[in-house]
Amino acid sequence: MNEKIIRKRKLFFSWQDGKEEVWLGEMSRQGLHLIEPGQFGRFLFAEGPAKEYSYRLDYNRNKLPEDYLQIIRDAGWEYLGKSSGWHYWRKEINSGKVPELFTDRESKVQKYQRLLVGYITSVPAFLYIIGLAMFKKFPGRHPLWFVVLFICLFMTWILFAAMNAIMIQLRINEIRKNKG
Amino acid sequence: MADKEISKYLPLTEATYYILLALVEPLHGYGVMQKVEALSGGDVNIGPGTLYGAFTNLVKEGLITMVKEEERRKSYALTEKGRQLLAEQVRRLEIMSRNGQAILVQLSKARQ
(Lines give C-alpha, C1' and ligand atoms only; values in the text may rest on other atoms or scores of the structure.)
Protein backbone atom coordinates (compact mmCIF):
# COMPACT_ATOMS: atom_id res chain seq x y z
CA MET A 1 0.00 0.00 0.00
CA ASN A 2 1.42 3.29 -1.05
CA GLU A 3 -0.26 5.94 0.98
CA LYS A 4 0.81 9.51 0.81
CA ILE A 5 1.94 11.03 4.09
CA ILE A 6 1.12 14.65 4.70
CA ARG A 7 2.44 16.82 7.49
CA LYS A 8 0.48 19.71 8.86
CA ARG A 9 1.14 22.20 11.60
CA LYS A 10 -1.61 23.71 13.64
CA LEU A 11 -1.41 24.96 17.18
CA PHE A 12 -4.23 24.61 19.65
CA PHE A 13 -4.28 25.85 23.20
CA SER A 14 -4.98 23.29 25.91
CA TRP A 15 -8.58 24.46 26.38
CA GLN A 16 -9.29 24.17 22.65
CA ASP A 17 -9.41 20.37 22.56
CA GLY A 18 -12.99 20.53 21.29
CA LYS A 19 -11.89 22.72 18.39
CA GLU A 20 -9.05 20.33 17.66
CA GLU A 21 -11.45 17.35 17.60
CA VAL A 22 -13.68 19.15 15.09
CA TRP A 23 -10.68 20.07 12.93
CA LEU A 24 -9.41 16.48 12.84
CA GLY A 25 -12.91 15.32 11.86
CA GLU A 26 -12.95 17.87 9.04
CA MET A 27 -9.57 16.66 7.80
CA SER A 28 -10.89 13.09 7.63
CA ARG A 29 -13.91 14.31 5.68
CA GLN A 30 -11.40 15.69 3.19
CA GLY A 31 -9.57 12.35 3.07
CA LEU A 32 -6.75 13.20 5.45
CA HIS A 33 -6.62 10.76 8.36
CA LEU A 34 -4.50 11.36 11.40
CA ILE A 35 -1.72 8.80 11.82
CA GLU A 36 -0.04 10.32 14.80
CA PRO A 37 -0.20 13.49 16.86
CA GLY A 38 3.16 15.18 17.32
CA GLN A 39 4.65 17.71 19.70
CA PHE A 40 3.91 21.42 19.24
CA GLY A 41 1.04 21.04 16.82
CA ARG A 42 2.73 18.75 14.31
CA PHE A 43 0.27 16.29 12.84
CA LEU A 44 0.93 13.37 10.52
CA PHE A 45 -1.86 12.46 8.11
CA ALA A 46 -2.36 9.67 5.59
CA GLU A 47 -4.25 10.42 2.41
CA GLY A 48 -7.18 8.11 1.68
CA PRO A 49 -10.87 7.99 0.87
CA ALA A 50 -12.95 10.50 2.83
CA LYS A 51 -14.46 9.14 6.04
CA GLU A 52 -16.68 10.31 8.85
CA TYR A 53 -14.72 9.99 12.07
CA SER A 54 -15.35 11.17 15.58
CA TYR A 55 -12.01 12.22 17.09
CA ARG A 56 -11.86 12.51 20.87
CA LEU A 57 -9.07 13.68 23.16
CA ASP A 58 -8.58 12.50 26.71
CA TYR A 59 -6.06 14.02 29.09
CA ASN A 60 -3.95 11.92 31.40
CA ARG A 61 -0.32 12.46 32.34
CA ASN A 62 0.00 8.93 33.67
CA LYS A 63 0.20 5.72 31.74
CA LEU A 64 -3.35 4.55 31.09
CA PRO A 65 -4.31 1.30 32.85
CA GLU A 66 -4.61 -1.72 30.55
CA ASP A 67 -8.21 -2.47 31.52
CA TYR A 68 -9.16 1.13 30.68
CA LEU A 69 -7.58 0.91 27.22
CA GLN A 70 -9.34 -2.42 26.71
CA ILE A 71 -12.83 -0.99 27.43
CA ILE A 72 -12.29 1.83 24.94
CA ARG A 73 -10.91 -0.52 22.28
CA ASP A 74 -13.78 -2.98 22.83
CA ALA A 75 -16.16 -0.10 22.22
CA GLY A 76 -14.64 0.25 18.75
CA TRP A 77 -12.20 3.12 19.26
CA GLU A 78 -8.80 3.28 17.62
CA TYR A 79 -5.87 4.65 19.62
CA LEU A 80 -3.72 7.10 17.69
CA GLY A 81 -1.15 8.10 20.26
CA LYS A 82 -0.20 10.51 22.98
CA SER A 83 1.16 14.03 22.86
CA SER A 84 1.92 16.10 25.98
CA GLY A 85 -0.55 14.18 28.10
CA TRP A 86 -3.31 14.16 25.48
CA HIS A 87 -4.52 10.78 24.24
CA TYR A 88 -6.00 10.73 20.75
CA TRP A 89 -8.85 8.35 19.89
CA ARG A 90 -11.16 8.00 16.93
CA LYS A 91 -14.19 5.99 15.94
CA GLU A 92 -16.16 5.89 12.71
CA ILE A 93 -19.52 7.64 12.77
CA ASN A 94 -22.26 5.21 11.78
CA SER A 95 -25.90 6.12 11.16
CA GLY A 96 -25.33 9.69 12.25
CA LYS A 97 -24.71 8.80 15.88
CA VAL A 98 -21.57 10.59 17.04
CA PRO A 99 -19.59 8.36 19.44
CA GLU A 100 -18.32 9.96 22.65
CA LEU A 101 -15.73 8.91 25.23
CA PHE A 102 -17.42 10.88 27.98
CA THR A 103 -21.18 11.01 28.21
CA ASP A 104 -21.89 12.72 31.51
CA ARG A 105 -21.06 16.04 33.08
CA GLU A 106 -18.98 14.66 35.91
CA SER A 107 -16.56 12.69 33.73
CA LYS A 108 -16.16 15.65 31.37
CA VAL A 109 -15.39 17.93 34.31
CA GLN A 110 -12.92 15.38 35.69
CA LYS A 111 -11.00 15.38 32.41
CA TYR A 112 -10.48 19.15 32.67
CA GLN A 113 -9.62 18.85 36.34
CA ARG A 114 -6.79 16.47 35.41
CA LEU A 115 -5.64 19.06 32.88
CA LEU A 116 -5.83 21.81 35.49
CA VAL A 117 -3.67 19.80 37.89
CA GLY A 118 -1.24 19.25 35.00
CA TYR A 119 -0.76 23.00 34.57
CA ILE A 120 -0.54 23.73 38.26
CA THR A 121 2.12 21.07 38.82
CA SER A 122 3.98 22.24 35.71
CA VAL A 123 5.13 25.33 37.64
CA PRO A 124 7.27 23.51 40.24
CA ALA A 125 8.19 20.98 37.53
CA PHE A 126 9.53 23.83 35.39
CA LEU A 127 11.59 25.12 38.27
CA TYR A 128 12.99 21.66 38.85
CA ILE A 129 13.67 20.48 35.30
CA ILE A 130 14.66 23.72 33.52
CA GLY A 131 16.34 25.13 36.61
CA LEU A 132 18.37 22.01 37.14
CA ALA A 133 19.32 21.80 33.46
CA MET A 134 20.38 25.45 33.26
CA PHE A 135 22.33 25.57 36.47
CA LYS A 136 23.95 22.18 35.91
CA LYS A 137 25.05 23.04 32.40
CA PHE A 138 26.70 26.21 33.63
CA PRO A 139 28.06 25.37 37.08
CA GLY A 140 29.95 27.73 39.29
CA ARG A 141 29.16 31.39 39.83
CA HIS A 142 26.35 32.71 37.68
CA PRO A 143 26.44 36.15 36.14
CA LEU A 144 23.50 38.45 36.71
CA TRP A 145 22.16 38.11 33.14
CA PHE A 146 21.97 34.37 33.60
CA VAL A 147 19.88 34.67 36.74
CA VAL A 148 17.69 37.35 35.13
CA LEU A 149 17.15 35.15 32.07
CA PHE A 150 16.12 32.27 34.27
CA ILE A 151 13.69 34.44 36.26
CA CYS A 152 12.20 35.83 33.02
CA LEU A 153 11.69 32.33 31.61
CA PHE A 154 10.14 31.21 34.85
CA MET A 155 7.79 34.22 35.04
CA THR A 156 6.72 33.62 31.44
CA TRP A 157 5.92 30.04 32.28
CA ILE A 158 3.93 31.07 35.36
CA LEU A 159 1.88 33.50 33.24
CA PHE A 160 1.32 30.88 30.55
CA ALA A 161 0.26 28.26 33.10
CA ALA A 162 -2.03 30.78 34.83
CA MET A 163 -3.70 31.71 31.53
CA ASN A 164 -4.30 28.03 30.79
CA ALA A 165 -5.61 27.38 34.28
CA ILE A 166 -8.10 30.26 33.98
CA MET A 167 -9.36 29.17 30.57
CA ILE A 168 -9.70 25.55 31.72
CA GLN A 169 -11.63 26.64 34.80
CA LEU A 170 -13.99 28.66 32.58
CA ARG A 171 -14.50 25.54 30.47
CA ILE A 172 -15.36 23.56 33.63
CA ASN A 173 -17.87 26.24 34.69
CA GLU A 174 -19.45 26.13 31.25
CA ILE A 175 -19.89 22.33 31.39
CA ARG A 176 -21.43 22.56 34.86
CA LYS A 177 -23.85 25.27 33.70
CA ASN A 178 -24.82 23.60 30.43
CA LYS A 179 -25.54 20.30 32.15
CA GLY A 180 -23.17 18.43 29.88
CA MET B 1 -35.62 -0.23 55.30
CA ALA B 2 -33.49 2.42 53.70
CA ASP B 3 -30.72 3.23 56.12
CA LYS B 4 -28.60 6.33 55.86
CA GLU B 5 -25.77 4.32 54.38
CA ILE B 6 -27.87 3.74 51.28
CA SER B 7 -29.91 6.95 51.18
CA LYS B 8 -26.84 9.09 50.63
CA TYR B 9 -26.47 7.65 47.11
CA LEU B 10 -30.04 8.47 46.12
CA PRO B 11 -31.32 9.51 43.68
CA LEU B 12 -28.96 7.75 41.28
CA THR B 13 -28.07 9.38 37.99
CA GLU B 14 -29.58 7.72 34.95
CA ALA B 15 -26.18 6.32 33.92
CA THR B 16 -25.40 4.88 37.38
CA TYR B 17 -28.90 3.40 37.63
CA TYR B 18 -28.52 1.55 34.36
CA ILE B 19 -24.98 0.40 35.15
CA LEU B 20 -26.21 -1.17 38.40
CA LEU B 21 -29.17 -2.73 36.59
CA ALA B 22 -26.80 -4.27 34.04
CA LEU B 23 -24.57 -5.70 36.78
CA VAL B 24 -27.17 -8.07 38.26
CA GLU B 25 -25.04 -10.57 36.32
CA PRO B 26 -21.25 -10.34 35.96
CA LEU B 27 -20.22 -8.33 32.92
CA HIS B 28 -17.10 -6.62 31.61
CA GLY B 29 -17.00 -3.02 30.48
CA TYR B 30 -18.16 -3.32 26.89
CA GLY B 31 -20.80 -5.87 27.98
CA VAL B 32 -22.24 -3.23 30.33
CA MET B 33 -22.32 -0.62 27.55
CA GLN B 34 -24.22 -2.97 25.25
CA LYS B 35 -26.65 -4.10 27.93
CA VAL B 36 -27.42 -0.55 29.06
CA GLU B 37 -28.16 0.45 25.50
CA ALA B 38 -30.45 -2.56 25.04
CA LEU B 39 -32.20 -2.12 28.42
CA SER B 40 -32.96 1.53 27.73
CA GLY B 41 -34.07 0.90 24.16
CA GLY B 42 -31.15 2.94 22.86
CA ASP B 43 -31.96 5.98 25.05
CA VAL B 44 -28.96 5.74 27.33
CA ASN B 45 -25.46 5.55 25.90
CA ILE B 46 -22.51 5.40 28.22
CA GLY B 47 -19.13 6.35 26.79
CA PRO B 48 -16.19 4.10 27.70
CA GLY B 49 -14.39 6.94 29.50
CA THR B 50 -17.42 7.66 31.63
CA LEU B 51 -18.00 3.95 32.33
CA TYR B 52 -14.46 3.39 33.57
CA GLY B 53 -14.76 6.30 35.99
CA ALA B 54 -18.10 4.94 37.19
CA PHE B 55 -16.60 1.47 37.79
CA THR B 56 -13.81 3.00 39.85
CA ASN B 57 -16.24 4.97 42.02
CA LEU B 58 -18.72 2.13 42.46
CA VAL B 59 -15.95 -0.26 43.52
CA LYS B 60 -14.64 2.31 45.98
CA GLU B 61 -18.13 2.67 47.47
CA GLY B 62 -18.48 -1.12 47.74
CA LEU B 63 -21.53 -1.20 45.46
CA ILE B 64 -19.94 -3.45 42.86
CA THR B 65 -16.95 -5.77 42.97
CA MET B 66 -14.55 -7.28 40.47
CA VAL B 67 -15.41 -10.95 40.00
CA LYS B 68 -13.20 -12.00 37.13
CA GLU B 69 -10.18 -10.83 35.21
CA GLU B 70 -9.56 -12.30 31.79
CA GLU B 71 -6.63 -10.94 29.82
CA ARG B 72 -7.24 -7.22 30.22
CA ARG B 73 -10.99 -7.41 30.76
CA LYS B 74 -12.31 -7.07 34.28
CA SER B 75 -15.82 -8.29 35.03
CA TYR B 76 -17.88 -6.72 37.79
CA ALA B 77 -21.08 -7.63 39.64
CA LEU B 78 -23.32 -6.04 42.27
CA THR B 79 -22.46 -6.50 45.95
CA GLU B 80 -25.16 -7.01 48.58
CA LYS B 81 -25.02 -3.28 49.31
CA GLY B 82 -25.39 -2.53 45.61
CA ARG B 83 -28.44 -4.81 45.41
CA GLN B 84 -30.05 -3.03 48.38
CA LEU B 85 -29.37 0.34 46.81
CA LEU B 86 -30.90 -0.71 43.52
CA ALA B 87 -34.02 -2.10 45.26
CA GLU B 88 -34.46 1.11 47.26
CA GLN B 89 -34.08 3.25 44.13
CA VAL B 90 -36.73 1.22 42.31
CA ARG B 91 -39.08 1.47 45.34
CA ARG B 92 -38.73 5.27 45.38
CA LEU B 93 -39.20 5.54 41.63
CA GLU B 94 -42.40 3.49 41.91
CA ILE B 95 -43.80 5.82 44.57
CA MET B 96 -42.85 8.89 42.56
CA SER B 97 -44.33 7.44 39.40
CA ARG B 98 -47.59 6.42 41.16
CA ASN B 99 -48.01 9.87 42.71
CA GLY B 100 -47.29 11.55 39.42
CA GLN B 101 -49.79 9.40 37.54
CA ALA B 102 -52.51 10.12 40.13
CA ILE B 103 -52.02 13.88 39.85
CA LEU B 104 -51.98 13.79 36.06
CA VAL B 105 -55.24 11.79 35.99
CA GLN B 106 -56.91 14.32 38.31
CA LEU B 107 -55.64 17.12 36.13
CA SER B 108 -57.07 15.71 32.93
CA LYS B 109 -60.43 15.00 34.68
CA ALA B 110 -60.59 18.59 35.94
CA ARG B 111 -60.02 19.89 32.43
CA GLN B 112 -62.94 17.98 30.95
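**Helix packing, sheet order and chain contact in a predicted two-chain model**

The buried residues of helix 2 of chain B pack against strand 1 (27-28), helix 3, helix 4, strand 3 and helix 5 (80-111) of that chain. Here a residue is buried if 20 or more other C-beta atoms lie within 10 Å of its own, exposed if 12 or fewer, and partly exposed in between, with C-beta atoms placed from the backbone. Helices (H or I, at least four residues) and strands (E, at least two) are DSSP runs, numbered from the N terminus. The model is a predicted one, in which local features need pLDDT of at least 70 and side-chain atom pairs count only at pLDDT 80 or more, while totals for chains, interfaces and linings use all residues. Residues are numbered from 1 along each chain as its sequence is written, and chains are lettered from A and ligands numbered from 1 in the order in which they are written.

Helix 2 of chain B spans residues 14-22, and its buried members are B:Ala15, B:Thr16, B:Tyr18, B:Ile19, B:Leu20 and B:Ala22. Two of these, B:Ile19 and B:Ala22, recur in the largest nonpolar core, which has 40 residues. Such a core is a set of buried Ala, Val, Leu, Ile, Met, Phe, Trp, Tyr and Cys residues joined through C-beta atoms within 7 Å. B:Ile19, B:Ala22, B:Leu23, B:Val32, B:Val36 and B:Leu51 have the most contacts inside the core. B:Val32 can be followed in detail: leaving out residues up to four places away in sequence, it touches B:Ile19, B:Ala22, B:Leu23, B:Leu27 and B:Leu51. A second, separate core of five residues includes A:Tyr112, A:Leu115, A:Ala165 and A:Ile168.

Turning to chain A, there are four helices and six strands, arranged along the sequence as β-α-β-β-β-α-β-β-α-α. The C-alpha atoms fill a box of roughly 65 × 45 × 30 Å along the principal axes. Of its 180 residues, 23% count as buried. Among contacts in chain A with a separation of 6 or more (C-beta atoms, placed from the backbone, within 7 Å), 69% come from residues 24 or more positions apart.

Chain A also holds an open sheet of three strands in the order 1-3-2, with antiparallel pairing. Strand 1 and strand 2 (32-37) are the edge strands, each pairing on one side only; two strands pair if DSSP finds at least two bridges between them. Ignoring direction, neighbouring strands of this sheet are turned by 35° against each other on average, where axes are lines fitted to C-alpha atoms, for helices over the stretch in contact, and angles run from 0 to 180 degrees between N-to-C directions. Five bridges join strand 1 to strand 3 (residues 42-47). Across this pairing, A:Ile6 stands opposite A:Phe45 and A:Arg7 opposite A:Leu44. Strand 1 (residues 5-9) is hardly covered, with zero buried residues among its five.

The two chains meet through 17 residues of chain B in contact with 17 residues of chain A. On the chain B side, helix 3 (29-39), helix 4 (48-60) and strand 3 (73-78) each supply at least two residues, and helix 4 gives the most, with six. By class, this side has seven nonpolar, seven polar and three charged residues. Ala, Val, Leu, Ile, Met, Phe, Trp, Tyr, Cys and Pro count as nonpolar, Asp, Glu, Lys and Arg as charged, and the others, Gly among them, as polar.
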